[in-house]
Amino acid sequence: MDHKPKSIREISLKYEKLSTLINRVDLAHLWQAHDEQSQRKSPGVDKVTKELYAEHLMSNLENLVDRMKRFEYIPLPVKRVYIPKFNGKLRPLGLPSYEDRLVQKVMADILIELYEPRFLDCSYGFRPGRSAHDVIRYIDSTVMHQGVNYVLEADIKGFFDNLDQDWLMKFLQHDISDKNFLRYIKRFLKAGIMDEGQILESDKGAPQGGLISPILSNVYLHYVLDLWVEKVVKRRTKGRVYYCRFADDFLLMTQRKDDAENIMEWLKERFNQFGLELAEDKTRILPFGRFSKTKDKFDFLGFTFVNGKTRTGSYRVAIISSRKKLKVKRLAVKEWLKKRINQPMVETLKLINLKLQGHYNYYGINGNMKAIVGFMWCVHRMTLLMLRRRGQKRPMTKQRFAELWDRFIKPPRITKTIWQY
């Protein structure tokens, strides 16, 4: 007889509510979470690194499990640091303590297994086996073949900071009956933020920088948006409606303009019920599709979607790198090269190759070759200028640099197939 315990996913498919989840936050899973932690992560308020925690790993983990069983484990406030952005502003970043990262990792894995069978196909972000390219592919196919005439481009104002914690707990209680598991989620939500030595309350939003935040946000929007669009909105509209979401970015495509206008008003009312708000300056309805005679375009997930044509004059959705994203990336490369000015040239070129390959892996989709080649040449030019500023005895010539570039830098290539017809 097979006594192997059933997986959470199997149980989730069979039962409406799951219990005894906290028992899976055990020594073995916490050890695995420790192994998966990056050595490069900056410490939180506890100043504990992976290396330091590993000095007495077994006793530390046993102590952690014991405290959790006695409910004496209390998550520490998240350390807030600020990362400079290229527009001069600062981006807040949350750094959880080391043990909090371990517990959140195990609990996040449990929640992912629980909710994967329950989430709808329209959501793509932070889900196993799904990516932004799947969304791009879906939008392209839908506009090309489903008679889309209008796009509702919407944005949630400060979603991760304004998520209503009480509603989140109600959503979780709909699927989880383990009160102890829910108790620890609430503790993470209420742990607070350490900002320049001052502890701030976290009475709304998801844990900043927390490993559990992505799955919690997906649960929240599953109930607030995904189910609502599928079960309510699509039944109230006159024409067909298509919807997709990646994390807190979502898009609605309609056949009729009045449907898009009604949905926008319904969205405002819906969000108001759950502590959210539409960003008015980033929300709009635009004509788009095969029969649109306008030059309107929209950005989504780093790409710009444009009504275009093939070489034979047939309609085609042109999907190219967003100018806004490219500007940010160029500034990032410029700042990075400034810091590399005195570093070994060959090492710098090898790192540039890795960064460019990462760029091609995301932006290298069908029809976007011109943009990724243009970005490569931009990096080429900035790198040459940086090397010429080094003040070497033997100035870098264009010919010598071209030889080095060809030696270390792989050429741009299409890495993702978006077209399916």
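User: How many helices and strands does the chain have?

Analyst: First, the ground rules: this is a predicted model, where local features need pLDDT of at least 70, side-chain atom pairs count only at pLDDT 80 or more, and totals for chains, interfaces and linings use all residues. Residues are numbered from 1 along each chain as its sequence is written, and side-chain values use heavy atoms, leaving out hydrogens and water. Helices (H or I, at least four residues) and strands (E, at least two) are DSSP runs, numbered from the N terminus. Here you get 15 helices and 11 strands. The C-alpha trace spans about 70 × 65 × 55 Å along its principal axes.

User: What percentage of the 421 residues in the chain is buried?

Analyst: Buried means under 20% relative accessible area, exposed over 50%, and partly exposed in between (1.4 Å probe, protein chains only). In this chain, buried residues make up 47% of the 421.

User: Which contacts in the chain join residues far apart in sequence, say at least 24?

Analyst: A contact is a pair with heavy atoms within 4.5 Å. Taking contacts between residues at least 6 apart in sequence, 71% join residues at least 24 apart. Leu18 makes a nice example: Leu18 and Ile176 are 158 residues apart in sequence, yet 4.9 Å apart in space, C-alpha to C-alpha. Leu18 sits in the loop between α1 (8–14) and α2, and counts as buried because its relative accessible area is 2%. Leaving aside neighbours within four places in sequence, its contacts include Ile8, Leu114, Arg118 and Ile176.

User: Where does Gln37 lie, and is Gln37 buried or exposed?

Analyst: Gln37 lies in the loop between α2 and α3. At 8% relative accessibility, Gln37 counts as buried. Not counting residues up to four places away in sequence, Gln37 touches Lys50, Tyr98, Arg101, Leu102, Lys105 and Leu211.

User: What should helix α4 span, given its 13 residues?

Analyst: The expected span of a helix is 1.5 Å times one less than its number of residues. For the 13 residues of α4 (residues 57–69) that gives 18 Å, and the end C-alpha atoms are 18 Å apart, so the two agree.

User: Which residues of α4 are buried?

Analyst: Leu57, Leu61, Leu64, Val65, Arg67 and Met68 are buried in α4. They cover an arc of only 165 degrees around the axis, which puts them on the same side of α4. That arc is taken from the directions from the helix axis to the C-beta atoms. What covers these buried residues includes α2 (27–36), α3 (50–54), α5 (98–115) and α9 (179–189).

User: Which sign does phi have in most residues other than glycine?

Analyst: Most residues other than glycine have a negative phi. So what about the exceptions here? Just after α4, Phe71 takes a positive phi of about 60 degrees. Phe126 has a positive phi near 55 degrees and lies in the loop between α5 and α6 (132–145). With a relative accessible area of 44%, Phe126 is partly exposed. Glu196 also has a positive phi, near 55 degrees.

User: Where is Glu196 found, and is Glu196 buried or exposed?

Analyst: Glu196 is found in the loop between β4 (193–195) and β5 (198–200). With a relative accessible area of 75%, Glu196 is exposed.
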